[in-house]
Amino acid sequence: MTPVEPPRPENFWSSLDAPAREALLRGGRVRSYPTGAHLLLQGERPDQVLIIQNGWAKVAVGDLEGREVVIAVRGPGELVGETGLLNDSPRTATLTALHAVAALSVTRARFAAFLNDHPQAWPLIYKTASRRLAQSDGRIVALGSLDGAARLARLLLTLAEESGTPDEGGVRLPPLSQEELGSCVDASRETVARALREWRQKALIRTRWRKIVLLEPDGLRSLLEEA
């Protein structure tokens, strides 16, 4: 079995120094959100930023036909909601808890004061924005050049690299349903189910309800090379 590299530890929270983290903890408060709760709502006026402490949340937008399109997943240590707040513009997406989530909430005024007192946080915000823009660009390219199964393989590799956690010889991915995975890659649930079944039979992944563990990333990379 090909060894699976551990996920990257870098995120907004872990990249801050201790005084900056302490300042945010003093200025904010931890909120708990049950499964399915909205942390942020598309179209609302921004009044806070959140830093996820525990759990996973999906970022989704509503299309012209009223369907939910999942565009990203956010997990522990990630800063969310900063774009609308810094631009003073309505939120462009909804953030929903995939299971129980704890997040540090910091109001607009206190986050502005934090940035004034800790300007070294600005490069981390720019880095976060740049990384997310690159992810968005990559998703657009994949939609135009890969079939549904290949797009799904690319998504699983990305989730493992950026958001995975070690799990019995593999990397456990955030708990997205088959419908949510399909929404991420613009593929039907049937396409997702068929691909996951095939990869499970080849021992590339291990699955249970809302649980995917990536065992053989090289196998999925080979699929992408052949696509």
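**Figure 1. E198 and its salt bridge with K202.** E198 is partly exposed, with a relative accessible area of 34%. In this predicted model, the side chain of E198 meets that of K202 in a salt bridge, with 3.1 Å from N to O. A search of the whole structure finds 15 salt bridges, and further examples appear in Figures 2 and 3.

**Figure 2. A salt bridge between E180 and K58.** The closest N and O atoms of E180 and K58 are 2.7 Å apart, and the two residues form a salt bridge. The pair links distant parts of the chain, 122 residues apart: E180 belongs to helix α7 (residues 178–185), whereas K58 belongs to strand β4 (residues 57–62). Is E180 buried or exposed? E180 has a relative accessible area of 7%; because this value is under 20%, the residue counts as buried. K58 is likewise buried, at 8% relative accessibility. Both residues also take part in a network of salt bridges, in which K58, E68, E180 and R210 are linked.

**Figure 3. A salt bridge between R108 and D88.** The side chains of these two residues meet at 3.5 Å, N to O. R108 lies in helix α4 (residues 108–117), and D88 lies in the loop between α3 (82–87) and β7 (94–97), so the salt bridge ties together parts that are 20 residues apart in sequence. R108 is partly exposed, with a relative accessible area of 31%. D88 is also partly exposed, with a relative accessible area of 44%.

**Figure 4. Strand β3 and its partner strands.** Strand β3 spans residues 48–54 and is mostly covered, since five of its seven residues are buried. Which strands are joined to β3 by bridges? One of them is strand β8 (residues 101–107), which is joined to β3 by six bridges and runs antiparallel to it. Within this pairing, Q48 has T107 in β8 as its bridge partner. Another is strand β6 (residues 79–80), which also runs antiparallel to β3 and is joined to it by two bridges. Here, L50 has V80 in β6 as its bridge partner.

**Figure 5. The surroundings of L155 in helix α6.** L155 lies in helix α6, which covers residues 148–163. The relative accessible area of L155 is 15%; because this is under 20%, L155 is buried. Which residues does L155 touch, not counting those up to four places away in sequence? The contacts of L155 are with L181, C184 and V185. E82 is 73 residues from L155 along the chain, and the C-alpha atoms of the two residues are separated by 24 Å.

**Figure 6. The packing of helices α6 and α9.** Two packed helices are described by the angle between their axes and by the distance between those axes. For α6 and helix α9 (residues 217–226), the angle is about 140 degrees, and the axes are 9 Å apart. The crossing of these two helices is left-handed. On the α6 side, the residues of the contact are A150, A153, R154, L156 and L157; in α9 they meet P217, L220, R221 and L224.

**Figure 7. The annotated span of residues 146–218.** An unreviewed UniProt entry carries the annotation "domain: HTH crp-type" for residues 146–218. This span is 53% helix and 19% strand. The C-alpha atoms at its two ends lie 18 Å apart.

Key: Residues numbered from 1 in each chain as written. Predicted model: local features only at pLDDT ≥ 70, side-chain atom pairs only at ≥ 80, totals over all residues. Heavy atoms only, no water. Helix = DSSP H or I, 4+ residues; strand = E, 2+ residues; numbered from the N terminus. Buried < 20%, exposed > 50% of the residue type's maximum accessible area, 1.4 Å probe, protein only. Contact = heavy atoms within 4.5 Å. UniProt positions renumbered as here; feature names shortened; annotations may be inferred. Pairing = 2+ DSSP bridges. Salt bridge = Lys/Arg side-chain N within 4 Å of Asp/Glu carboxyl O. Axes fitted to C-alpha atoms, helices over the stretch in contact; angles between N-to-C directions. Left-handed = near helix turned anticlockwise from the far one by under 90°.
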